[in-house]
Amino acid sequence: AGGCASPARRPKASGGRALGPLAHGCKVELDVVAPETGRYDVRIRYADRSGAAGEQELAVNGRPAATVRPRRTRGGDWTTAGARVDLVAGRNTLAFRQVTGKGQLDYVEVE
C-alpha cells in the first residue's frame, strides 16, 4: 500500500480485516493474472465512513483506466463498486488511488 495504509480489524470485513482507511492520495497496488487479453470487470468491496462520497482512480499497468465511485456507507455497512477495464494476458498491475473520502478496502475481484 505504499506505506499509506495498513490492515485493520473490521469484524464485518471478509477475514475480519480490511485495508485502510485510505487517505487522500493513498495508492494501493496489486497484481492480478488474466487468462487472456480482453475486457474484465473489476469489483471492490469497500466502506467509506468519512461522511463524503468516496472516489478512487483505477489505473491498469500504469495507465488511467476508470473512476470508481462507491456509495457512502455507515456503521458496519460495506458496498461494492466496479469498473470494466482492459487487461493483457498474464500479469497486470491494478492501482487504486484515493481521490475523495477515506475508504477501507475489503477485497478486489476480477472476472
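Here a colleague asks a modeller about a predicted structure, one question at a time.

Modeller: Before we start, this is a predicted model in which local features need pLDDT of at least 70 and side-chain atom pairs count only at pLDDT 80 or more, while totals for chains, interfaces and linings use all residues. Residues are numbered from 1 along each chain as its sequence is written, and side-chain values use heavy atoms, with hydrogens and water left out.

Colleague: Happy to begin! What is the strand order in the open sheet of 5 strands?

Modeller: Strands (E, at least two residues) and helices (H or I, at least four residues) are DSSP runs, numbered from the N terminus. Two strands pair if DSSP finds at least two bridges between them. E1 and E7 are the edge strands of this sheet, each pairing on one side only, and the twist averages 45° from one strand to the next (axes are lines fitted to C-alpha atoms, for helices over the stretch in contact, and angles run from 0 to 180 degrees between N-to-C directions). With antiparallel pairing, the order is E1-E2-E9-E4-E7.

Colleague: How many bridges join strand E4 to strand E9?

Modeller: E4 also pairs with strand E7 (residues 79-87), in the antiparallel sense over 9 bridges. There, arginine 39 has aspartate 86 as its bridge partner, and arginine 43 has glycine 82. Towards E9 (residues 103-110), arginine 45 stands opposite tyrosine 107. E4 and E9 run antiparallel, and the number of bridges joining them is 7.

Colleague: Which residue in E9 is the bridge partner of leucine 22?

Modeller: E2 and E9 run antiparallel and are joined by 2 bridges. For leucine 22, the partner in E9 is glycine 103.

Colleague: Which side chains of E7 point to the buried face?

Modeller: In a regular strand the side chains alternate between the two faces of the sheet. E7 shows such an alternation, with Thr80, Gly82, Arg84 and Asp86 pointing to the face that is not buried (buried means under 20% relative accessible area, exposed over 50%, partly exposed in between, with a 1.4 Å probe and protein chains only). The side chains that point to the other face and are buried are Thr79, Ala81, Ala83, Val85 and Leu87.

Colleague: Which residues touch the most other members of the largest nonpolar core?

Modeller: A nonpolar core is a set of buried Ala, Val, Leu, Ile, Met, Phe, Trp, Tyr and Cys residues joined through side-chain atoms within 4.5 Å. This core has 21 residues, and E2, E3, E4, E5, E7 and E8 each give two or more of them. Those that touch the most other members are Leu22, Ile44, Leu58, Val85, Leu87 and Leu94.

Colleague: What is the strand order in the open sheet of 4 strands?

Modeller: Its edge strands are E3 and E6 (63-68), each pairing on one side only, and its twist averages 25° from one strand to the next. Strand E5 (residues 55-60) pairs with E8 in the antiparallel sense over 6 bridges, and leucine 58 has phenylalanine 96 in E8 as its bridge partner. The order, with antiparallel pairing, is E3-E8-E5-E6.

Colleague: Which side chain makes a polar contact with that of threonine 93?

Modeller: Threonine 93 sits in strand E8 (residues 90-100). Not counting residues up to four places away in sequence, threonine 93 touches Glu29, Leu30, Asp31, Ala59, Val60 and Asn61 (contact means heavy atoms within 4.5 Å). A polar contact is a pair of N or O atoms within 3.5 Å; within protein, one must be able to donate a hydrogen and the other to accept it, and residues adjacent in sequence count only if both atoms are side-chain atoms. At 2.8 Å, the partner is aspartate 31.

Colleague: Is the disulfide of cysteine 4 and cysteine 26 left-handed or right-handed?

Modeller: The structure holds 1 disulfide (a pair of cysteine sulfur atoms within 2.5 Å), with the sulfur atoms of cysteine 4 and cysteine 26 lying 1.9 Å apart. Cysteine 4 lies in the segment before strand E1 (7-9) and cysteine 26 in the loop between strand E2 (17-22) and strand E3 (27-34), so the pair ties together parts that are 22 residues apart in sequence. Cysteine 4 is partly exposed at 32% relative accessibility, whereas cysteine 26 is buried at 4%. The torsion about the S-S bond is about 65°, so the disulfide is right-handed.
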